Amino acid sequence: MEPSEQKAVRGVGHSVRRVEDDRFIVGRGNYLDDVKLPRMLHMAIVRSPLAHATIESIDISEAMALEGVVAVVTGKDLEAHKLAWMPTLSGDTQAVLATDKVRFQGQEVAAVIAESPYVAADAAELVEIEYEPLDIFVDPYKALENTETIIRSDKEGQADNVAYEWEAGDKAKTDQLFAEADHVVKLHTHYPRSHPAPLETCGCVADVNGATGKATIYLTSQAPHAHRTLFALVAGLPEQNIRVISPDVGGGFGNKVPIYPGYVVATAASLLLDAPVKWVESRSENLMSTGFARDYHMDGELALTSDGTITAMRCHITSDHGAFFADAQPTKFRAGLVHICTGSYDMQAAHITAKGAYTNKAPGGVAYRCSFRVTEASYIIERLVQNAAYELGMSPVEIRRKNFIKKEQFPYTSCTGFIYDSGDYDASLDKALEMLGYDEIMAERDAARAEGRLMGVGIATFTEVVGAGNSKEYDIAGLKMFDSAELRVHPTGKAILKLGVQTQGQGHETTFAQIVANELGIPPEDIAVGHGDTDNTPYGLGTYASRSTPTGGAATAVIARKLRDKAKKIAAHLLEASEGDLEWDSNKFVVKGTDKSVSIQDCAFAAYTNPPDGEEPGLEGVHYYDPPNMTYPFGAYAVVVEVDPETGEWEVKRMVAVDDCGVRINPMVVDGQIHGGLTEGYAMASMQYIHYDDDGNCVGGNFIDYLIPTAVETPKFELGETVTPSPHHPIGAKGVGESATVGSPAAYVNAVLDALQPLGVKNLEMPVTSGRVWEAIQAAKAAAE
Amino acid sequence: MEVTITVNGRTHTKSVEPRMLLVHFLREELGLTGTHIGCDSSHCGACTVLVDGTPLKSCTYLAVMANGRSVETVEGLKQGGKLHVIQEEFKEQHGLQCGYCTPGMMLVGKALLEENPNPTDDEVRFAISGNICRCTGYMNIVKSIQAAGKRMQAESADAAE
Ligand code: FES
Ligand code: FES
């Protein structure tokens, strides 16, 4: 064979332009709503207008009479097939279509299947439902106190509105340290209910083939394999007959992790009607009924010595889950990983308790661009540390430096049991302050203050925990949190990589090819990356919690290395040398001390045309990677704001973000992820809010009431980096998709509070709207008079 | 009702329900699924197309209103097998992630550049303020549009020489 032509191999560390873009920029993406099958029917869901009410009657006759309507499905119909309820990913149950009563506004009550989406929508209006209103609980504290009105009356033995109770840490030791403390800092704050609101809403096309029994379900899914297994369990379909295809996904951010009632109803309808059924939710349905995030009421406390050393932390959480506990939390961790709330600081003990409440609101609690509640954890500690600095008369920089876990302390075991893999918090803060020009900015702030202007500087130095599992500790609904990669190198030296994880814009088709390129020397453009189709990819838990690179990326590197080991045997055979005499040089094996070499492509060709005696032919393999530990990305963010004292409006003047996510596979993609995360952090800090009035009406159920930043409001970001590789990840990478959403809200809020500090304003709740700031200014002025 | 609409240079005559939205006409009748739907209140811009050269939200516009007009969608950007500069620059500057907002963003960008080939950062931001992106944080979208403007100017200067 002719020696192959070597292209430059652009592996890890190169800003390779994304291959997926080629279809998106010409409008040839294939999103869920683009899936169109012959004889396809369309489904619309009838939803409850009330937050809590018994269902007295449902009359479908008028809807059925409309031309083009094929079927109307109610909870009673599903009950007959034992499908009226389904399990959630947090071990609770959720109504598919309500049978007894509705528990939140927007709950699914019936579904209409028709020949066109217009007719389905018309008929949904014609379904007549009579309700008898019940007492409504929108405040989790009130719901928890109450034992008369049981929202989850369906659950046997449920005598209150408690969804779960959970605790972590060492109570006795924490109490003792608090008793001995020179100073205690307290903060009660609400991390408001938010919604990931990916630009593409959720939906499915269920195609159950009556002839073959094969159910092909196109699904906006961040976790297609887990969803296939749950479909098998819920619908009783044999798993080999279920194929979940998650096509191009228009953003996920945690919203596309749960299974939604619409998916189940559409699948049941397809089975019963022997026709494909499409359901695509509207934006209002998305915001009112699918996975919201946060809604954590937190009481945080820090114990300190008089010199500013943090000795202990307490955090009590009241978590509002709405009508069903429909998070997707690892089984052992009902409140997710919120016990990472000791953050970047070395302290002796912590005690965290969480109590989940059922309320008459939409279900969820999903990790919105977040690794299982690490966002809430990061927010409380970064707010508390800033308050501690003010109360002790220290600078927010000084108190952080004093308490940081030091570089030499890694791997560091935190008092709540996490083993931080690597970090250099001082370096990251140094870099951020240098980029900001901290001293000059502080002088500018003080000068502005002297003129009566409200300028503020806010800092947040966060630590995340991402990349679940290890599988010993972490599972979702019993499924262990490993992930997988299958690599097939073809005779011509081109390859296909199949992943258990799934992309929603992160660029896996490019970046995972770069990992293979790095390990195997095959150029990324010669590697096709497949994902999102359960018939054609190895099993995996999916993409969320920044786990793709830590788990799927690791699996990719390991399988590439295994194939390289095999290729070495082939190379030895081709070069008539012993394996020990061969050296790997980015894309070829060289006989040490000579210029004799064979490329990886030569080895691939020989694997199929000239395998060594006794060696299994082919160059393919699959690896399941069970990470030994999580990874701990970190960073330092600094925000400068100016507040208008007359209107309460605040403007971000500077936003400096230094991220350390270990080794960067594709720096361009990493920066893009950070831009997006910083924007969503800003959105939560400033505007995004799903609010409910006392009657349980959702205020925030469309893009008129639920505010999303446009390009005009979004700050301009200045990015910096430090690189502290993960010691246990095969290529030292840590995951970055969520860092900025996790770390930045506290930086923005701390900045506004810093601006208002001269007025004595101590707390502001997110979203920090101009109205809230204005009220705080007025209250502070009134108090001063 | 019968409508005649020119889409990406091709004229289509179809009978449609009077209430059919232009976005559904494009997606369902013509199979041009590059125009997306992201909301139900005219706020997201995922459905943006150019009608007689002006950006317009096709989810809030009836197909019958487009009768006799000329519509350009993302599928019309590539001409004679060659990508439009704005498409190339979105890829080059990493102006997209999930790609869902991208068709609308590129069309708004193209319309802006036709009026103002050298927009400032703030001018681009204002122009795309009717289009939401949940992934990119907009910075690279702004860069993409500006870079396309620069190249278009350079190319027309070359052509003039
Ligand atoms: S679909 Fe959102 S503006 Fe048209
Ligand atoms: S790239 Fe995903 S919404 Fe813009």
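Between chain A and chain B of this predicted model, 29 residue pairs are in polar contact, counting pairs with both residues at pLDDT 80 or more. On the side of chain A that touches chain B, four helices give two or more residues each: H1 (21-24), H4 (117-126), H9 (283-289) and H17 (667-686). H17(A) gives the most to this side, with eight residues. By residue class, the side of chain A that touches chain B divides into 23 nonpolar, 17 polar and 13 charged residues.

Charged pairs also cross between the chains. The rule finds nine salt bridges across the interface of chain A and chain B. One of them joins Asp34(A) to Arg27(B). The closest N and O atoms of Asp34(A) and Arg27(B) are 2.7 Å apart.

The extent of the chain contact was computed next. Chain A brings 53 residues to the contact, and chain B brings 48. About 4300 Å² is buried between chain A and chain B. Carbon and sulfur atoms give 56% of that area. Three residues, Ile25(A), Tyr118(A) and Leu199(A), supply 20% of the area that chain A buries against chain B. No other three residues supply more.

A second interface lies within chain A. Chain A is divided into domain 1 (21-28 + 469-625) and domain 2 (423-466 + 631-785). Each domain is thus listed as two segments of chain A. The C-alpha centres of domain 1 and domain 2 of chain A lie 38 Å apart. In chain A, 18 residues of domain 1 are in contact with 16 residues of domain 2. The area buried between the two domains of chain A is about 1200 Å², and carbon and sulfur atoms give 60% of it. In domain 1 of chain A, Ser546(A), Thr549(A) and Pro550(A) lose the most area to domain 2. Together they account for 36% of what the domain 1 side buries.

Polar pairs cross between the domains too. Across the interface of domain 1 and domain 2 of chain A, the rule finds six residue pairs in polar contact, both residues being at pLDDT 80 or more. For salt bridges across this domain interface, the rule finds zero. Helices H14 (508-520) and H15 (548-575) of chain A each supply at least two residues of the domain 1 side that touches domain 2. The largest share of that side, seven residues, comes from H15(A). The domain 1 side that touches domain 2 of chain A divides into eight nonpolar, eight polar and two charged residues.

Key
Residues are numbered from 1 along each chain as its sequence is written. Chains are lettered from A and ligands numbered from 1 in the order in which they are written. This is a predicted model: local features need pLDDT of at least 70, side-chain atom pairs count only at pLDDT 80 or more; totals for chains, interfaces and linings use all residues. Side-chain values use heavy atoms; hydrogens and water are left out. Domain bounds come from an automatic or database domain assignment. Contact means heavy atoms within 4.5 Å. Buried area is the accessible area (1.4 Å probe) that two parts lose on being put together, summed over both. A salt bridge is a side-chain nitrogen of Lys or Arg within 4 Å of a carboxyl oxygen of Asp or Glu. A polar contact is a pair of N or O atoms within 3.5 Å; within protein, one must be able to donate a hydrogen and the other to accept it, and residues adjacent in sequence count only if both atoms are side-chain atoms. Ala, Val, Leu, Ile, Met, Phe, Trp, Tyr, Cys and Pro count as nonpolar, Asp, Glu, Lys and Arg as charged, and the others, Gly among them, as polar.
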